Amino acid sequence: MSAKNIISKLSSRKFWAAVSGVVIAVMAAFGADADTQTTVAGVISAVAVLAVYIFAEGKIDEAAVNGKEDENDGEN
């Protein structure tokens, strides 16, 4: 699996929903109470939002750098 593929998966809301679902299911199987499950789901959701934001901003920065490089190529 390439780094680009991993980044794509980590920035997917479906991936984070699946992670959250699996973690909550495991917690329920081991007898965790509803409050703990809700808290863990909230933490996973917060991490997901942060990960998607970081990867999106990285893509924006990459596009900006590539755009400036293209502009500089025309000046030579």
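Trp16 has a relative accessible area of 15% and is therefore buried, the limit for that class being under 20%. The model in which this residue appears is a predicted one. Trp16 also takes part in an aromatic pair, and the count of such pairs comes to one. The partner is Phe15: the two rings lie edge-to-face, 5.4 Å centre to centre, with 80 degrees between the planes. Phe15 has a relative accessibility of 32% and so counts as partly exposed, whereas Trp16 is buried.

The path now follows helix α2, which spans residues 13–29 and includes Ser20. With a relative accessibility of 13%, Ser20 counts as buried. Leaving aside residues up to four places away in sequence, Ser20 touches Ala41 and Ile44. Helix α2 is also the place of Val26. Because its relative accessibility is 44%, Val26 counts as partly exposed. Together with Val22 and Phe30, Val26 makes a nonpolar surface patch of about 340 Å². Helix α2 thus holds both Ser20, a buried residue, and Val26, a partly exposed one.

Attention may next turn to the loop between α1 (3–10) and α2, where Ser12 is placed. Ser12 is partly exposed, since its relative accessible area is 23%. A polar atom of the Ser12 side chain lies 3.2 Å from the backbone nitrogen of Lys14. Ser12 can also be related to a residue farther along the chain: 36 residues separate Ser12 from Ala48, yet their C-alpha atoms are 8.4 Å apart.

The last stop is helix α3, which covers residues 34–75 and contains both Lys59 and Glu62. These two residues form a salt bridge in which the closest N and O atoms are 3.9 Å apart. A salt bridge requires the nitrogen and the carboxyl oxygen to be within 4 Å, and a search of the whole structure finds one such bridge. Because Lys59 and Glu62 are three residues apart in helix α3, about one helical turn separates them. Both ends of the bridge fall between the limits for buried and exposed, under 20% and over 50%: Lys59 is partly exposed because its relative accessibility is 45%, and Glu62 is partly exposed because its relative accessibility is 42%.

Definitions and conventions: Residues numbered from 1 in each chain as written. Predicted model: local features only at pLDDT ≥ 70, side-chain atom pairs only at ≥ 80, totals over all residues. Heavy atoms only, no water. Helix = DSSP H or I, 4+ residues; strand = E, 2+ residues; numbered from the N terminus. Buried < 20%, exposed > 50% of the residue type's maximum accessible area, 1.4 Å probe, protein only. Contact = heavy atoms within 4.5 Å. Patch = residues over 30% accessible without salt bridge, like charges linked within 9 Å, V, L, I, M, F, W, Y side chains within 5 Å. Areas by Shrake-Rupley, 256 points an atom, 1.4 Å probe, with all protein chains shown as cover. Salt bridge = Lys/Arg side-chain N within 4 Å of Asp/Glu carboxyl O. Phe/Tyr/Trp six-rings, centres within 6.5 Å; stacked < 30°, edge-to-face > 60°. Polar contact = N/O pair within 3.5 Å; in protein donor to acceptor, adjacent residues only side chain to side chain.
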